[in-house]
Amino acid sequence: MEERRQDSARQAALDYHEFPRPGKLEIRATKPMANGRDLSRAYSPGVAEACLEIKADPTTAARYTSRGNLVAVVSNGTAVLGLGNIGALASKPVMEGKAVLFKKFANIDCFDIEVNQPDPEKLAEIVCALEPTFGAINLEDIKAPDCFIVERICRERMNIPVFHDDQHGTAIVVGAAATNALRLAEKQFGDIKIVSTGGGAAGIACLDMLLKLGVRRENVWLCDIHGLVHEEREIDMNPQKAAYAQATDKRTLSDVIDGADLFLGLSGPGVLTPEMVGRMAARPIIFALANPNPEIDPEAARAVSPDAIIATGRSDFPNQVNNVLCFPFIFRGALDVGATTINDEMKIACIEGIAALARATTAAEAAAAYRGETLTFGPDYLIPKPFDPRLVGVVSSAVARAAMETGVATRPLEDLAAYKQKLDGSVFRSALIMRPVFEAAATATRRIVFAEGEDERVLRAANAMLEETTDVPILIGRPDVIAMRAERAGLPIRPERDFEIVNPENDPRYRDYWETYHKLMERRGVSPDIARAIMRTNTTAIGSVMVHRGEADSLICGTFGQYSWHLQYVRQILARDGLHPIGALSMIILEEGPLFIADTQCHNDPTPQQVMEAVLGAARHVRRFGLTPQIALCSHSQFGNTDSPSGRKMREALALLDAREPDFMYDGEMHVDAALDPDLRARIFPNSRLQGVANVLVFAGTDAASGVRNALKMRAGGLEVGPILMGMGNRAHIVTPSITTRGLLNMSVLAGTPVAHYG
């Protein structure tokens with residue numbers, strides 16, 4: 001059975017690399033190449049202009065070419081993973097994989113370069129000759145001590161960052177893990193004894209970094225396959241190992257393990273025995289990083305020392321020391337400031353950023369990617385997970401700052417805060433488009449009540465609100481359930497201390513709420529008994545009553561259930577004093593930019609008057625995002641070519657809009673392709689009022705609007721902000737069950753914007 005499982009996994013891995021096309025990389029053009037004009041700019045004669053600019057000023061290569069965002073992953077295949085010296089060609093899948101990680105985690109372009117050259121000095125000469133092509137070099141899987149020689153020569157001769165990830169990437173992540181492990185163990189770098197196994201590139205680099213963090217040289221005991229590194233030893237020694245030689249008559253790992261605070265293993269399986277763990281210091285820190293099998297199984301270590309803090313190199317154990325936490329982000333920061341090297345200060349900034357992230361509240365996106373795992377700072381969560389989207393913003397900006405402060409940045413940034421926001425926007429796609437709304441929301445503090453307060457997404461959104469906004473969350477739900485789920489999710493927030501709770505099962509305001517609801521609904525068939533039952537069971541109705549009574553400023557509901565069901569109670573209680581739902585507006589963030597869709601929820605078959613109201617409402621809300629509305633009234637008919645019901649409806653809505661003379665561009669009726677393609681629209685109807693690409697599509701019914709919305713989300717990779725309930729004065733918003741935590745935070749900020757900002 002086990003053999004069959006392994007064969008299946010092997011075949012799946014091979015299929016992954018072979019299909020649908022061989023390999024893991026391709027090259028795509030970033031500029032149009034559709035006609036002779038494009039060709040003349042991309043190549044001769046236009047390309048000569050860029051060449052001459054770079055000849056006159058070499059720094060402009062970062063403006064006119066991809067060099068400023070291009071890294072070479074270089075290997076000679078002499079020390080590939082746990083496979084050893086398999087040669088340059090066989091190493092190519094690994095180098096392609098490294099390039100994919102650069103792109104995925106930091107949007108850095110890469111070429112993998114595998115070189116048939118075992119001589120380290122000749123390999124260094126080849127790498128140095130590549131400097132005109134790349135903004136930085138990532139050396140990979142080169143055996144020790146050759147890797148030290150290659151990196152030293154390249155760093156001396158090249159004016160761009162050269163980084164051997166096997167050494168420094170591992171050292172940085174180990175440094176971050178050690179920083180947090182010592183915090184938990186209540187120990188200091190300057191006081192601890194370290195015993196390390198493995199004298200290769202990674203092991204030496206880790207020890208070098210730990211010294212920079214404050215460990216004392218005399219407290220480090222290095223062992224390898226030949227035993228302890230000591231001053232009298234001659235076998236298999238090099239200058240890097242000799243730097244850690246001890247003056248002692250001890251010769252083995254067992255001889256030196258007594259009282260060790262930290263075991264650092266980069267060697268092989270079974271090196272550390274349970275008996276040795278029992279002789280380590282109280283609350284020992286064990287980094288057993290050998291792959292695929294660690295120096296000691298974590299369970300075996302804990303059987304001897306239950307309070308041990310353990311990290312491994314494997315993803316199926318807690319605290320995986322994974323270089324992907326480091327290298328994409330340190331290169332991102334270095335490239336963006338044009339760093340000439342990656343120095344110790346930049347590495348330490350990287351360590352501090354990674355360590356601090358693990359101590360902060362876990363990102364909802366990371367929690368979603370690692371569902372079922374405990375992501376709360378502690379013995380089983382020393383360092384962030386690789387898919388934590390905050391890494392690029394926190395770590396890269398810290399690295400960029402260190403590069404500027406140490407004078408190695410050739411293109412210093414004027415505004416680091418704006419740089420971090422830009423990086424966050426690359427992973428939180430809604431960040432940049434939501435910035436004007438966040439800024440408007442910061443002008444006032446509003447109370448936002450969440451109907452489904454027990455939902456983990458709501459709890460994470462409430463926590464984010466407290467961290468990122470001035471608004472006050474109110475949660476409807478059972479206090480014990482909310483407290484339990486917040487703790488399980490690793491969130492620091494707790495009921496009553498951090499936010500108000502309305503408990504449907506036992507709230508002192510219950511009588512006030514049901515009497516308020518009954519008074520509003522007594523002539524619409526609601527008896528006192530019905531009112532009492534609804535105020536015990538219907539959290540959307542409870543939240544609406546709170547807003548009606550002035551105890552909250554806005555309601556967010558809809559994380560489960562039908563939109564129309566929630567809308568019924570919002571309409572009953574809050575559609576007063578001229579307010580009424582006029583449509584649901586969804587913003588879909590695409591690679592090309594945002595596209596708004598209406599009405600996706602409220603009116604299945606709207607009247608021309610309702611379409612007109614939806615257009616006016618959409619224009620108001622689009623302006624909240626700092627955008628100029630360009631609205632297309634969409635139907636099966638196109639500028640009168642078909643006498644369809646939807647066409648007639650949109651023509652009537654157009655006439656109603658014309659009578660009001662609104663101050664924004666709109667036109668219809670038209671097909672979606674005409675709305676989004678100005679050239680096509682010009683051929684069909686040269687006198688269209690729209691200019692450019694429409695950014696708002698208003699449909700004649702929810703079937704079409706909702707269908708386009710879902711197609712853009714599911715097949716075009718669109719990210720939704722909304723739906724925004726228009727016409728209710730920002731007193732309520734109804735989301736959909738597919739909403740994420742980030743989506744709820746965005747909706748809370750929209751709800752937290754005073755009406756005056758967009759009314």
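Me: Let's start at the surface, where patches are built from residues with over 30% relative accessible area and no salt bridge, joining like charges within 9 Å and nonpolar side chains (Val, Leu, Ile, Met, Phe, Trp, Tyr) within 5 Å. Which residues make the nonpolar patch of about 360 Å²?

Reply: A word on the model: it is predicted, so local features need pLDDT of at least 70 and side-chain atom pairs pLDDT 80 or more, while totals for chains, interfaces and linings use all residues. Residues are numbered from 1 along each chain as its sequence is written, and side-chain values use heavy atoms, without hydrogens and water. Areas follow the Shrake-Rupley method with a 1.4 Å probe, and for residues only the protein chains shown count as cover. The nonpolar patch is made by M33, L39 and Y43.

Me: Why does L39 count as partly exposed?

Reply: L39 sits in helix α2, residues 36–42 (helices, H or I of at least four residues, and strands, E of at least two, are DSSP runs numbered from the N terminus). Buried means under 20% relative accessible area, exposed over 50%, and partly exposed in between, with a 1.4 Å probe and protein chains only. L39 is partly exposed because its relative accessibility is 47%.

Me: How much of the whole chain is buried?

Reply: The chain has 31 helices and 21 strands, and its C-alpha atoms fill a box of roughly 95 × 75 × 55 Å along the principal axes. It exposes about 33,500 Å², with carbon and sulfur atoms supplying 52% of that area. Of the 759 residues, the buried share is 55%.

Me: What share of the contacts with a separation of 6 or more comes from residues 24 or more positions apart?

Reply: A contact means heavy atoms within 4.5 Å. Counting contacts in the chain at a separation of 6 or more, residues 24 or more positions apart account for 70%.

Me: How many of the residues of helix α31 are buried?

Reply: Helix α31 spans residues 741–751 and is mostly covered. Its buried residues include charged and polar names such as R742 and N746, along with L744, L745 and V749. The count of buried residues in α31 is eleven of eleven.

Me: Which residue of β18 stands opposite A632?

Reply: A632 belongs to one face of strand β17, together with Q630 and C634, while I631 and L633 lie on the other, and all of them are buried. Five bridges join β17 (residues 630–634) to the parallel strand β18 (residues 665–670); two strands pair if DSSP finds at least two bridges between them. In β18, the residue opposite A632 is D667.

Me: Which strands stand at the edges of the open sheet, each with a single partner strand?

Reply: Six strands form this open sheet with mixed pairing, in the order β7-β6-β5-β8-β9-β10. Each edge strand has a single partner, so one of its sides is left without a neighbour in the sheet; the edges are β7 (227–228) and β10 (309–312).

Me: And within that sheet, which residue of β8 stands opposite S196?

Reply: Strand β5 (residues 194–197) and strand β8 (residues 262–265) run parallel and are joined by four bridges. Across from S196, in β8, stands L264.

Me: Which residue forms a salt bridge with E669?

Reply: A salt bridge is a side-chain nitrogen of Lys or Arg within 4 Å of a carboxyl oxygen of Asp or Glu, and the whole structure has 42 of them. For E669, the closest N and O atoms of the pair are 2.7 Å apart, and the partner is R651.

Me: Where is R651, and how many residues apart are E669 and R651?

Reply: E669, at 2% relative accessibility, is buried, whereas R651, at 29%, is partly exposed. The pair links distant parts of the chain, with E669 in strand β18 and R651 in helix α27, and their separation is 18 residues.

Me: Which side chain joins D658 in a polar contact of 2.8 Å?

Reply: D658 also lies in helix α27 (residues 645–660) and is partly exposed at 30% relative accessibility. Leaving out residues up to four places away in sequence, D658 touches Y666 and R689. A polar contact is a pair of N or O atoms within 3.5 Å, where within protein one must be able to donate a hydrogen and the other to accept it, and residues adjacent in sequence count only if both atoms are side-chain atoms. The side chain that D658 meets in this way is that of R689.

Me: Is T600 buried or exposed?

Reply: T600 sits in the loop between β16 (593–598) and α26 (608–624). Beyond four places in sequence, T600 touches seven residues listed as A584, S586, T702, A705, S706, R709 and P723. At 2% relative accessibility, T600 is buried.
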